[in-house]
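These exercises deal with charged side chains and their surroundings. Work through each task before reading its solution.

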Amino acid sequence: MMFFAQDVIVPTSFNLNPNIPGHNRRLRRVFKGAVGALDGTLIHVVVPAKKQYLYRSRGKGDCYQNVLAFCDFNMIFTFVVAGWEGVAHDSRILSETVADPQASFPFPTPGNVLQFFTDKYYLCDAARALTNKEKFNHGHAKLRNVIERAFGVLKARFPILKRMTPFPFVTQRNIAMACSALHNFIRREGLSDEYFARYDEPNISFRNNNVAVDDDEDRIPTHGTAADREYMTQLRDEIVEQLMHNID
């Protein structure tokens, strides 16, 4: 099954195609460098008592592994990192994955981490206020919710991700990967599917998705050089201008 996962959880084309299925095609034309979205989600795990403190993301209650995933605008997972402790911040998982040459991180622009934000980019959680640019926030959130909908399909289809069986931990990690691979297979084959039909609705609720949110992580990621960050600031300003003129 893990070989199957390696075959089906792969980056799709990094060329923007507004005609692929999904909502917000006009927004995709404005966020024209966006090739997908990323986020972390909590998947239930069963671990020995001596390790449970590492997997309780809020320090109490059930235990979870933090799974970082990327998806395209068709809700297909293009990269999944499973097995991290529930206390691990999304930013730490992303930083270490980007820096790990064995992880085969799907850079949207060929090159190294210093080129991470040039040309094309992923939409991530950036909830900080942008003064008078609420329209950017609104458009960004509407487009980025594709990753929330993908997690919704995944967890609705596979209840084991919400209440895991006490297999060895490596098996529990592999179950998360296998479920993601089956999710991709169903979507790519274009099969008639009640779960995708439900989460294709733009106003679906995500309250039960156990998405990992850390209060101290609502920041613009700081990977790359000062020039990269300046580029992203300019890009935001350009997108805001387009939103003001083209999107209601």
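**Exercise 1.** Decide whether Arg198 is buried, exposed or partly exposed.

Solution. Arg198 has a relative accessible area of 36%. Buried means under 20%, exposed over 50%, and partly exposed in between (1.4 Å probe, protein chains only). Arg198 is therefore partly exposed.

The model is predicted: local features need pLDDT of at least 70, side-chain atom pairs count only at pLDDT 80 or more, and totals for chains, interfaces and linings use all residues. Residues are numbered from 1 along each chain as its sequence is written, and side-chain values use heavy atoms, with hydrogens and water left out.

**Exercise 2.** Find the salt-bridge partner of Arg198 and place both residues.

Solution. A salt bridge is a side-chain nitrogen of Lys or Arg within 4 Å of a carboxyl oxygen of Asp or Glu. Arg198 pairs with Glu194, their closest N and O atoms being 3.9 Å apart. Both residues lie in helix 8, four residues apart, about one turn of the helix. Helices are DSSP runs (H or I, at least four residues), numbered from the N terminus. Glu194 is exposed, at 54% relative accessibility.

**Exercise 3.** Describe the salt bridge between Asp193 and Arg157.

Solution. The closest N and O atoms of this pair are 2.7 Å apart. Asp193 sits in the loop between helix 7 (169–188) and helix 8 (194–199), and Arg157 in helix 6 (residues 146–157), so the bridge ties together parts 36 residues apart in sequence. Asp193 is buried at 14% relative accessibility, and Arg157 is buried at 14%.

Key:
Helix = DSSP H or I, 4+ residues; strand = E, 2+ residues; numbered from the N terminus.
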